[in-house]
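Biologist: Before we begin, could you set the structure out, so that we can go through its strands, its cores and its chain contacts in turn?

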Amino acid sequence: MKNIDSKIPVVFARKKMADLLTERSNLISLLPRLGVSLGFGEKTVAQVCADDKISLPLFLLISNVYTMDDYLPSIEELRQCPIEEIVVYLTNSHKEYLEYKFPHIEEHLKEVVADWSEKYKRLITNFFFDYKNEVVDHFKYEEDVVFPFIKKLFEKKSPKKNRPRRSAFDKQHTNIEDKLRDFTNLLIKYIPADVSQRERIDMLEDICSLSDDIEKHALIEEKILFPYINLLEDESK
Amino acid sequence: MKANKIAIADPSPIVIAGLSALLRELSDCEVVLQSDDMHTVETRLRILRPDVLIINPLMIDFSKRRMVRSQFEDLPDMHLVALISSYVESQILKQFHGVIELNDDMQRIKSTLQQVSVKQTGDAEMDSSMLSDREKDVLICLAKGQKNNEIAENLHISTHTVITHRKNIVRKTGIKSVSALTVYAILNNLLEQKDII
């Protein structure tokens, strides 16, 4: 019976960082993106953030998104997070997906299709790389259009041009999330049973972890970043 | 069996607290969301994707009460149970998969929820069955890159029917994107890779 009272966050400032990470192991992969280094001994979350010069509200907010199903920060919580740091965090996440997570899946994919007929090999490999290209394009759009727009807004330069459109943005996210789930389904259900079981399971584990991660990542952009843009725009009026 | 994720929406905090206390005693239920605010309900539902939404029809805007299903059409797997404390028109109740009344006892609530989830497994069995011939035709056209209106013209059916077939294909295969459906079609020998432009 979890999440009955979603108002009590799992992550809080006075908790020991090490305890938090052993309890919620999915937070470990967030450390490099947030700029937290391992080896913090008995320090609390607040102390580690101070040492590594990371905004504590931002750390709490992002870790809460990753530990609770339905967590959404209040406007007050949002206001305490420096938007440049959110953008740095998101850019770091993109980098990690493309430099670590995707290459890992690609390695597995090579092993999975090694003994397949040329026809199936091409089919699955093409699907995956088309998908990856879509993700690369979407990240590029965010980094070239959305993030600079926010930066200008924050510097009170009130950009008139290139306001990112929320609907197009959400649609791309849904598409990216759906296709990854489709890929999982193809691998679980429709590739015949007798081929590359072990390799397929290794790959599925990586894909599912990426899929969960990307879902939370999209949530941060849709439910935190965009409301923040609206907030800044309202204030500049 | 996996626990049913349940969301509760009612204007009365007392009713919400009472019902979730009762549901907590059922082993196969997990209350994931409880709220007296429709806006919160609508945003969180999309994140939490519960199996069942128990909702007082009074929570829904009067003008939309006759089209409850269409409000949640992006959550096709979610079952709707009406939680009623006063008279509600039967026209409105018809849209729900089940009804819980305020004076229902534990046994009654339990069986209502079970009926709803039985319907669910019934659907699932149907889902696992193969695509119908017509659905296969639509899938092949989709894989070839045709748009809904082109498919309708080719197969001599209405665009509306094409959309229904597409929904069924997605429900049965669990695959949403056209590119993955194309892979599915080739894996199942419905068409050859060279057929795709």
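Modeller: In this predicted model, strand β1 of chain B, residues 4-9, runs parallel to strand β3 of chain B, residues 52-55, and the two are joined by four bridges.

Biologist: Which residue of β3(B) is the bridge partner of Ala9(B)?

Modeller: Ala9(B) has its bridge partner in β3(B), and β3(B) spans residues 52-55 of chain B. Within that strand, the partner is Ile55(B).

Biologist: On its other pairing, β3(B) is joined to strand β4 of chain B; which residue of β4(B) is the bridge partner of Ile54(B)?

Modeller: Strand β4 of chain B covers residues 79-84, runs parallel to β3(B) and is joined to β3(B) by four bridges. The bridge partner of Ile54(B) in β4(B) is Val81(B).

Biologist: Are the residues on the two faces of β3(B) buried or exposed?

Modeller: One side of β3(B) carries Val52(B) and Ile54(B), while the other carries Leu53(B) and Ile55(B). Both faces are covered, and these four residues are all buried.

Biologist: In what order do the strands of the chain B sheet lie, and which are the edge strands?

Modeller: The sheet is open and is formed by five strands with parallel pairing, in the order β2-β1-β3-β4-β5 of chain B. From one strand to the next, the twist averages 25 degrees. The strands that pair on one side only, and are therefore at the edges given that pairing takes at least two bridges, are β2 and β5 of chain B.

Biologist: At what angle to β2(B) does helix α1 of chain B run?

Modeller: Helix α1 of chain B, residues 13-24, lies across both β1 and β2 of chain B. Its direction relative to β2(B) is about 170 degrees.

Biologist: What pattern does chain B follow along its sequence?

Modeller: Chain B contains nine helices and five strands, and 27% of its 197 residues count as buried. Among its contacts between residues at least 6 apart in sequence, 61% join residues at least 24 apart. Read along the sequence, the pattern is β-α-β-α-β-α-β-α-β-α-α-α-α-α.

Biologist: Which element gives the most to the side of chain B that touches chain A?

Modeller: The contact involves 19 residues of chain B and 18 residues of chain A, and the residues on the chain B side divide into 11 nonpolar, four polar and four charged. Elements β2 (29-35), α2 (38-48) and α9 (178-187) of chain B each supply at least two residues of that side. The element that gives the most, with six residues, is α9(B).

Biologist: Which helix supplies the largest share of the largest nonpolar core?

Modeller: This core has 29 residues, and those with the most contacts inside it are Leu58(A), Phe59(A), Ile62(A) and Ile86(A). At least two residues come from each of α3, α4, α6, α7 and α9 of chain A, and at least three from each of domain 1 (17-77) and domain 2 (82-236) of chain A. The largest share, seven residues, comes from α4(A).

Biologist: Leaving aside neighbours within four places in sequence, with which residues is Ile86(A) in contact, and how many residues are in the other core that lies apart?

Modeller: Beyond those sequence neighbours, Ile86(A) is in contact with Leu58(A), Cys81(A) and Leu225(A). Apart from the largest core lies another, which includes Met203(A), Ile207(A), Val138(B) and Ala143(B) among its members, and its number of residues is 27.

Biologist: Why does Glu134(A) count as partly exposed?

Modeller: Glu134(A) is found in helix α7 of chain A, residues 118-154, and its C-alpha is 7.7 Å from that of Ile176(A), 42 residues apart in sequence. A residue is buried only with 20 or more other C-beta atoms within 10 Å and exposed with 12 or fewer. Because Glu134(A) has 15 such atoms within 10 Å, it is partly exposed.

Biologist: How many C-beta neighbours inside 10 Å does His173(A) have?

Modeller: His173(A) has its place in helix α8 of chain A, residues 166-190, and, leaving aside neighbours within four places in sequence, is in contact with Ala218(A) and Glu222(A). Its C-alpha is separated by 9.0 Å from that of Ile214(A), 41 residues apart along the chain. His173(A) counts as partly exposed because its number of C-beta neighbours inside 10 Å is 18.

Technical notes
Residues numbered from 1 in each chain as written. Chains lettered and ligands numbered in written order. Predicted model: local features only at pLDDT ≥ 70, side-chain atom pairs only at ≥ 80, totals over all residues. Contact = placed C-beta atoms within 7 Å. Nonpolar A, V, L, I, M, F, W, Y, C, P; charged D, E, K, R; others polar. Axes fitted to C-alpha atoms, helices over the stretch in contact; angles between N-to-C directions. Core = buried A, V, L, I, M, F, W, Y, C linked by C-beta atoms within 7 Å. Domains from an automatic or database assignment.
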